[in-house]
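Subject: Handover of a structure and notes on its contents

Dear colleague,

Please find below the structure that I am passing on to you. I would be grateful if you would keep it open while you read the notes that come after it.

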Amino acid sequence: MNKDLAVYINQLREMTRCEWRLREQSTVLGFIWTLLNPLLTYLVLYKLFTRWMGGYMADYPAYLLIGVVQYGFFTTATTYGMSSLNRRRGILMNFPMSRDILVFTAVLSISISYGIELLLMLGFLLAVGAPVSLSWLAFPVVVMLQALFVTGLALLLSVVAVRFFDFERIWSIVTTAGFFLTPIFYTTAAIAQERQDLLRFNPMAHVIELSRDCLLRGQFPEWWRLAGLAAFAFCAAGAGYALFKNQEERLSDYVLP
């Protein structure tokens, strides 16, 4: 293995471990505390909308959980990755290393929690009688494409957040609005046709619906939808990485002391 690559991988591994511990994931209580946010979100939405949606959707609890878990990863990973440069300003300004590691480790630390959430989600689906089929094998593909898209977006947002410090508040508003503009607790059939067309431009709507196809409906993702998500994910990752590398040498000039 190339020496520089070996150093890069070692730094990535060790800093991811540090991020994990700093987020108090190394303790049972810390991990349970992290799970409380998606759990409480799920319980509130379930109580509020189960009579509306559950009346004609027998699998609504599973339908809702998939949406909450998938959108939760998107929000948490992009937000944590976006703030990584400002949070690690000491490392950024004083250590000669590839700056993208800071963003990657932030996303990876969230991905560890996300992976455990997915295991719990699959256990819940089995408990409520969701049909296990071969389409479950396609779900990891959707997850990997989502992770690629999220990582690229985190790289892009981290550069913007360094240049414009208040952007983190703006992104919080954007993700909150996106939660209600994504079919998480409602179905696309519940909204007007012209508004359904707008969902085509929402990548998380595709991620969540493809996940439900795999895990709930026993359907392999339609190739054109999966290909569209893949194209978007690779474009987002490429654009985010290119912008980050273009601005990498100037990042420390914008970080607040």
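The notes below go through helix H10, the salt bridges, and then several single residues. Please bear in mind throughout that this is a predicted model.

**Helix H10 and the residue before it**

I begin with helix H10, which runs over residues 203-215. Its length can be checked by simple reasoning. The helix has 13 residues, and at 1.5 Å a residue they should span 18 Å. The C-alpha atoms at its two ends are 19 Å apart, which agrees with that expectation.

H10 is mostly covered, since 12 of its 13 residues count as buried. Among the buried ones are Pro 203, Met 204, Val 207, Ile 208 and Leu 210, and the list also includes charged side chains such as Glu 209, Arg 212 and Asp 213. What do the buried residues of H10 pack against? Their partners are four helices: H3 (60-82), H6 (100-127), H7 (139-163) and H11 (223-247).

Asn 202 sits in the loop between helix H9 (193-198) and H10. This residue caps the N-terminal end of H10, with a side-chain oxygen 3.0 Å from the backbone nitrogen of Met 204. A polar atom of the Asn 202 side chain also lies 3.4 Å from the backbone oxygen of Leu 181. Once neighbours within four places in sequence are set aside, Asn 202 is in contact with Leu 181 and Thr 182. Is Asn 202 buried or exposed? Its relative accessible area is 15%, and because the limit for a buried residue is under 20%, Asn 202 is buried.

**Salt bridges**

The structure holds nine salt bridges, and I describe some of them here.

One joins Asp 100 and Lys 245, whose closest N and O atoms are 3.1 Å apart. This pair links distant parts of the chain: Asp 100 belongs to helix H6 and Lys 245 to helix H11, and 145 residues separate them. The two partners differ in their cover. Asp 100 is buried, at a relative accessible area of 1%, whereas Lys 245 is partly exposed, at 30%. Apart from residues up to four places away in sequence, Lys 245 touches Ser 98 as well as Asp 100. The C-alpha atom of Lys 245 is also 9.8 Å from that of Val 159, although the two positions lie 86 residues apart along the chain.

Another salt bridge brings us back to H10. Arg 217 pairs with Asp 213, and the closest N and O atoms are 2.6 Å apart. Asp 213 is buried, with a relative accessible area of 7%, while Arg 217 is partly exposed, with 36%. Which residues are linked with Arg 217 and Asp 213 in a network of salt bridges? They are Glu 209, Arg 212 and Arg 225.

Arg 13 and Glu 14 form a further salt bridge, with 3.7 Å between the closest N and O atoms. Arg 13 is partly exposed at 43% relative accessibility, and Glu 14 is partly exposed at 30%.

**Other buried positions**

Leu 125 lies in helix H6 and is buried, with a relative accessible area of 0%. Leaving out residues up to four places away in sequence, Leu 125 touches Ala 62, Ile 66, Ala 130, Trp 136, Leu 215 and Leu 216. By contrast, Leu 125 and Ala 237 are 31 Å apart from C-alpha to C-alpha, and 112 residues apart in sequence.

Thr 151 is placed in helix H7. Its relative accessibility is 19%, so Thr 151 counts as buried. Beyond its neighbours within four places in sequence, Thr 151 is in contact with Phe 104 and Val 107.

**A nonpolar patch on the surface**

Finally, I draw your attention to the surface. Leu 36, Leu 39, Leu 40 and Leu 43 make a nonpolar patch of about 330 Å². Leu 39 lies in helix H2, which covers residues 28-53. With a relative accessible area of 44%, Leu 39 is partly exposed.

I suggest that you begin by finding Asn 202 at the N-terminal end of H10, and then locate the pair formed by Asp 100 and Lys 245.

Yours sincerely,
A colleague

How values were computed. Residues are numbered from 1 along each chain as its sequence is written. This is a predicted model: local features need pLDDT of at least 70, side-chain atom pairs count only at pLDDT 80 or more; totals for chains, interfaces and linings use all residues. Side-chain values use heavy atoms; hydrogens and water are left out. Buried means under 20% relative accessible area, exposed over 50%, partly exposed in between (1.4 Å probe, protein chains only). A polar contact is a pair of N or O atoms within 3.5 Å; within protein, one must be able to donate a hydrogen and the other to accept it, and residues adjacent in sequence count only if both atoms are side-chain atoms. Contact means heavy atoms within 4.5 Å. Patches are made of residues with over 30% relative accessible area and no salt bridge: like charges are joined within 9 Å, nonpolar side chains (Val, Leu, Ile, Met, Phe, Trp, Tyr) within 5 Å. Accessible areas come from the Shrake-Rupley method with a 1.4 Å probe; for residues, only the protein chains shown count as cover. A salt bridge is a side-chain nitrogen of Lys or Arg within 4 Å of a carboxyl oxygen of Asp or Glu. The expected span of a helix is 1.5 Å times one less than its number of residues.
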